[in-house]
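Please open the structure in your viewer and keep the selection tool at hand. The tour below goes stop by stop, with a selection to make at each one.

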Amino acid sequence: DVGSISGTGSIAANGSPAFVPAGGGGGGGGGVAIYYQSAATFNFANVTAFGAAFSGSSINGGAGTVYLQGPTRESGELVVDNNNLTVPVTSTTPILGAANTTLSLTHLGVRRTALANLDSALNISGALEIATNGEFVIGNGITANTIELITGGKLGHASTTSAQTFKLDINAQNINIDATSRIDVSGRGFLAGGRPGNPSTTNGMTVGFQSTNQSGTAGSYGGLGGNFSGATNPVYGDFRNPNEVGSGGGGFQGAPAGNGGGLARIVAQSMSVNGSIRANGGTADGAGAGGSGGGIRIDVGTLQGSGTISANGSAGFVPAGGGGGGGGRIAIYYQNGTSFSFNNVNSFGALGTGSPNGGAGTVYLQGPASESGELVIDNNNLTLLTASRTPIQGASSTSLSLSHLRIRRNARAKF
């Protein structure tokens, strides 16, 4: 706690490295907190709490925390930076906070291969920056003025368990995703057969945590998964308002299948997407089946960039696995999209290997020239069985009103 801080020196609470050449794991970073009134001649980049290097066959230490509070940081800036030392997911830095609370900060930075997670909601009056291969996973919503994902930054939500789903719920003024970075909730949906947390070594889970998709049968959400044994779960949800995670595929003879994709819901005044936003199904192992794509809803003023937005199913394991996962659901409501190619928005079904391919999911676009909405069902030229036609749900006594309906590239659909 200081009135004025100045100088060219450093402040460090770094972990210590393991003994070289054959020692153990690297020490984890410590914690530094500085409360100041004036720091015009001090460089806070010289304040560190890095994890340290391992030697032998162990792992590097995870990043600690640096907290700064003063002018321009009235609610505090939290920095998690691991100095480009890579760590496994098991060494993710927990930012402590109960799930039913909100952490309020001026800025949060997750940088240089640091991995960090937060259970509580997050309120950022300034910028959330995830940079230089940093990764941030959250269990609740994010409200921020600016979100910057740059130089390999990755943002996602917590993984579904056998009893609880999560979503990435973002409300921001401005979001920038550069060409190397992504919002990614792929494989964070309902658990596949044989995955940790699923009590079944075979059956994949779907809505209501039902253990439905049997051996080698892929998951469904917007489109139907390819079935090997028994029927895949029915499609679910509203193509205008994706609000669910995708379904897991069925394992095969002990080989885990692909989880369903997760759920991202984003509200922003402006978005620049040069990287990607993904809610794809998770990867299958052995002879397991694919998981379905998850859900993405975006409400945005101006959308621009050359990137992609996807909720694709995942393939059955190659070369000889189960069915391909069905596509998920994407809905985008926009006011200005002239500098974005909506051909880069897709929810394809996936390839089955030894079992049927997955069916196309749904992409719904609403904005200028599509005031009543455009519905696209596109299967990327994957052939389908008649039984895998994508159901467009609606009561038989009602009418579906759209500006455009497009069924493309081997997709099959039915009302």
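**Stop 1: a ring in a loop**

This is a predicted model. Select F228 to begin: its relative accessibility is 46%, so it counts as partly exposed, the class between 20% and 50%. Add F252, where the relative accessible area is 23%, again partly exposed.

**Stop 2: aromatic pairs**

Across the whole structure, a search finds 10 aromatic pairs. One of them is made by Y36 and F44, so select these next. Their rings are tilted, with 5.0 Å from centre to centre and 40° between the planes. Are Y36 and F44 buried or exposed? Both Y36 and F44 are buried. Now add F42 to the selection: ring pairs link Y36, F42 and F44 into a cluster.

Go back to F228 and F252, which also form an aromatic pair. This one is edge-to-face, at 5.9 Å between the centres and 85° between the planes. Where in the chain do the two residues lie? F228 and F252 are both in the loop between β18 (210-213) and β19 (263-273), 24 residues apart, and the pair is a link between distant parts of the chain.

**Stop 3: an arginine over a ring**

Select R329 together with Y221. R329 lies over the face of Y221, and its distance from the ring centre is 5.6 Å.

**Stop 4: the open sheet**

Switch to a cartoon view and look for the eight strands that form an open sheet. Their order is β7-β10-β12-β14-β16-β20-β22-β24, and the pairing is parallel. Which strands are at the edges? They are β7 (93-95) and β24 (345-346), each of which pairs on one side only.

Within this sheet, select residues 135-138, which are strand β12, and residues 154-157, which are strand β14. The two strands run parallel and are joined by four bridges. To see one facing position, pick E135, which stands opposite K154 in β14. As a general point for viewing, side chains in a regular strand alternate between the two faces of the sheet.

**Stop 5: a residue ahead of β12**

Select T132, found in the loop between β11 (121-131) and β12. Its phi is near 50°, a positive value in a residue other than glycine. T132 has a relative accessibility of 29%, so it counts as partly exposed.

**Stop 6: a hairpin**

Select strand β17 (residues 204-206) along with β18. These strands run antiparallel, with three bridges joining them. M205 stands opposite S211 in β18. What lies between the two strands? β17 and β18 form a hairpin with three residues between them, and G208 in the turn has a positive phi of about 75°.

**Stop 7: a nonpolar patch and a loop residue**

Show the surface and select L400, L405, I407 and F415. These residues make a nonpolar surface patch of about 390 Å². L400 is placed in the loop between β27 (390-391) and β28 (404-408). The relative accessible area of L400 is 32%, so this residue is partly exposed.

For the last selection, take N410, in the loop between β28 and β29 (413-414). Although N410 is not a glycine, its phi is positive, at about 70°. With a relative accessible area of 37%, N410 is partly exposed.

Technical notes. Residues are numbered from 1 along each chain as its sequence is written. This is a predicted model: local features need pLDDT of at least 70, side-chain atom pairs count only at pLDDT 80 or more; totals for chains, interfaces and linings use all residues. Side-chain values use heavy atoms; hydrogens and water are left out. Rings of Phe, Tyr and Trp (its six-membered ring) pair if their centres lie within 6.5 Å; planes under 30 degrees apart count as stacked, over 60 as edge-to-face and the rest as tilted. Buried means under 20% relative accessible area, exposed over 50%, partly exposed in between (1.4 Å probe, protein chains only). A charge sits over a ring if NZ of Lys or CZ of Arg is within 6 Å of the ring centre and within 35 degrees of the ring normal. Patches are made of residues with over 30% relative accessible area and no salt bridge: like charges are joined within 9 Å, nonpolar side chains (Val, Leu, Ile, Met, Phe, Trp, Tyr) within 5 Å. Accessible areas come from the Shrake-Rupley method with a 1.4 Å probe; for residues, only the protein chains shown count as cover. A salt bridge is a side-chain nitrogen of Lys or Arg within 4 Å of a carboxyl oxygen of Asp or Glu. Two strands pair if DSSP finds at least two bridges between them.
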